[in-house]
Amino acid sequence: MSQSAHSEGRTTLADYRAALTAPGSRGPAIASILARLPIAMIGISALLYVQRETGSFAVAGLVSASSLAGVSVGAVVQGRLIDRFGPSRPLLITAAVLALSMAGLAIAIEAHLPTYVLISLAAVTGLAEPMVGSASRALWTKILPEGPARNAALSYEAISMEVFFILGPGIAGLLITAPWPGTGMVIGTATMVTGAVLFALNPTVRAWGPAPKSKTPLLGALASPGMRTLALAALGFGMVIGFVEVAVPAAATESGHPSLSGLLLSAWSLSSVAFGVAYSLHPWPRRLALRLPVLLGGFGAFVALLALPSSLWALALLMLLAGAMITPQSTTHSAAIEVVAPRGTAAEAFGWVLTAVTLGLAAGQSVSGYLVEHSGTGAAFLAAGVAGVAMAVVVWLLRGTVRAASPAVDDGALVGAAR
């Protein structure tokens, strides 16, 4: 496929069906659902568990931040290992480490051990979180040829992740009411470990063996200028979301309805998924190099409008509008990896995108918290918009780097092995 056609990334519902029914795809897809479903559930469950046992949101926040830091590092390290050795061994090892470290964290919480112990264990759990999402996304490029079906599969990965981020917090909030507050953390970990093991042992996945030995640049996937531009776009995307995730609960609390904060955040996630499917059928702009800055700039502009409402109802309506820009960016990031990532670095490249989004979330949340406390929620929403538009301008100036870094990887052997 030509780069221009590939960049357009248009899909149909028939393409989604073709991708999900392709030989060898069903087993990994089901296992991937199990492994990724708790991705937003475990962290929130752990945060609520720590707060319930220690009585301190400050301690819970430190533990959560430590876990996020671990994920941001682990995503890149595991991605490089998956590209080099295939997914099976790295995922089996990390699944085992995750199970042990989570058990240790639960024991430490119950024993009321010092905060530094909780922080250390949380960092290990983040590092060991199996990057099934990276492996699953890269696997599609090996079992499907270039074309609409592969584009649909990559869109499916992004859209399904949004669904998991919607379900995760709700499930965590439900399970924290169980007799033991650690129930959600344990169930989420067990589900993730089970999914990771099933994915790693699937015949299609095991057919993805070690890559031929080659000299890998020190920067790995980031050796590509286009990959660095994509990482900047993902960083800006995460920053805007980070601002909003703090400002919305603050706005709900100021209005005397703190319990509505979760509903408001779910509202923009729901519109994100609904519009994301429609967007994948008719993506715009058609050129990928333009799509990255335009979507990010539009996202920032819509979020800035959240500073205007004087009621939660108006805020909810504008959040539906802003949320429509979330999944299109996720699917665009996924499509861009296909173009800009150096050959043989697909899993690591996705890891860098995850890391950039995670760092953006952390930066946005920290600045938003300060602004909410000192200047109000309106200032936080405006700052989110400014940050998004500013990063969009940078990505626009670097748009010329968004071009093919190397020939696309086409591993037909896996298709044959799957059959």
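Modeller: A residue counts as buried under 20% relative accessible area, as exposed over 50%, and as partly exposed in between. These terms are applied here to a predicted model.

Biologist: Why is phenylalanine 275 called partly exposed?

Modeller: The relative accessible area of phenylalanine 275 is 38%, and a value between the 20% and 50% limits is called partly exposed, so phenylalanine 275 falls into that class.

Biologist: And what makes tyrosine 279 count as buried?

Modeller: Tyrosine 279 has a relative accessibility of 7%, and because the limit for a buried residue is under 20%, tyrosine 279 counts as buried.

Biologist: Why is the aromatic pair of phenylalanine 275 and tyrosine 279 called tilted?

Modeller: The ring centres of phenylalanine 275 and tyrosine 279 are 6.3 Å apart, and centres within 6.5 Å make a pair. The angle between the planes of these two rings is 35°; because planes under 30 degrees apart count as stacked and over 60 as edge-to-face, with the rest tilted, this pair is tilted. Both residues belong to helix 13 (residues 261-281), where they are four residues apart, or about one turn of the helix.

Biologist: How many aromatic pairs does the structure hold?

Modeller: There are four aromatic pairs in the structure. In one of them, tyrosine 49 and tryptophan 180 have ring centres 5.6 Å apart and planes at 75°, and because an angle over 60 degrees is edge-to-face, that is the name given to this pair.

Biologist: Where in the chain do tyrosine 49 and tryptophan 180 lie?

Modeller: The pair links distant parts of the chain, since tyrosine 49 is in helix 4 (residues 41-54), while tryptophan 180 is in the loop between helix 9 and helix 10 (183-201), 131 residues apart. Tyrosine 49 is buried, with 0% relative accessibility, whereas tryptophan 180, with a relative accessible area of 34%, is partly exposed. Elsewhere, ring pairs join Phe237, Trp268 and Phe299 in a cluster.

Biologist: What makes the charged end of arginine 399 sit over the ring of tryptophan 396?

Modeller: For arginine, a charge sits over a ring if CZ is within 6 Å of the ring centre and within 35 degrees of the ring normal. The charged end of arginine 399 sits over the tryptophan 396 ring, 4.2 Å from its centre. Arginine 84 likewise has its charged end over a ring, that of phenylalanine 85, at 5.1 Å from the centre.

Biologist: What is the handedness of the crossing of helix 3 and helix 9?

Modeller: Helix 3 passes helix 9 in a right-handed crossing. The axes of helix 3 (residues 26-36) and helix 9 (residues 148-175) come within 10 Å and cross at roughly 35°. Helix 3 brings Ala29, Ile33 and Arg36 to the contact, and helix 9 brings Tyr156, Glu157, Ser160, Met161 and Phe164. By class, five of the residues in this contact are nonpolar, one is polar and two are charged.

Biologist: Why is histidine 112 called exposed?

Modeller: Its relative accessible area is 51%, and because exposed means over 50%, histidine 112 meets the limit. Histidine 112 is in the loop between helix 6 (88-110) and helix 7 (115-128), and its phi is near 55°, a positive value in a residue other than glycine.

Biologist: How do you know whether serine 334 is buried or exposed?

Modeller: Serine 334 has 3% relative accessibility, so serine 334 counts as buried. Serine 334 lies in helix 16 (residues 326-340) and touches Arg137 and Leu154, not counting residues up to four places away in sequence.

Conventions. Residues are numbered from 1 along each chain as its sequence is written. This is a predicted model: local features need pLDDT of at least 70, side-chain atom pairs count only at pLDDT 80 or more; totals for chains, interfaces and linings use all residues. Side-chain values use heavy atoms; hydrogens and water are left out. Axes are lines fitted to C-alpha atoms, for helices over the stretch in contact, and angles run from 0 to 180 degrees between N-to-C directions. Helices (H or I, at least four residues) and strands (E, at least two) are DSSP runs, numbered from the N terminus. A crossing is left-handed if the near helix is turned anticlockwise from the far one by less than a right angle, and right-handed if clockwise. Contact means heavy atoms within 4.5 Å. Ala, Val, Leu, Ile, Met, Phe, Trp, Tyr, Cys and Pro count as nonpolar, Asp, Glu, Lys and Arg as charged, and the others, Gly among them, as polar. Rings of Phe, Tyr and Trp (its six-membered ring) pair if their centres lie within 6.5 Å; planes under 30 degrees apart count as stacked, over 60 as edge-to-face and the rest as tilted. Buried means under 20% relative accessible area, exposed over 50%, partly exposed in between (1.4 Å probe, protein chains only).
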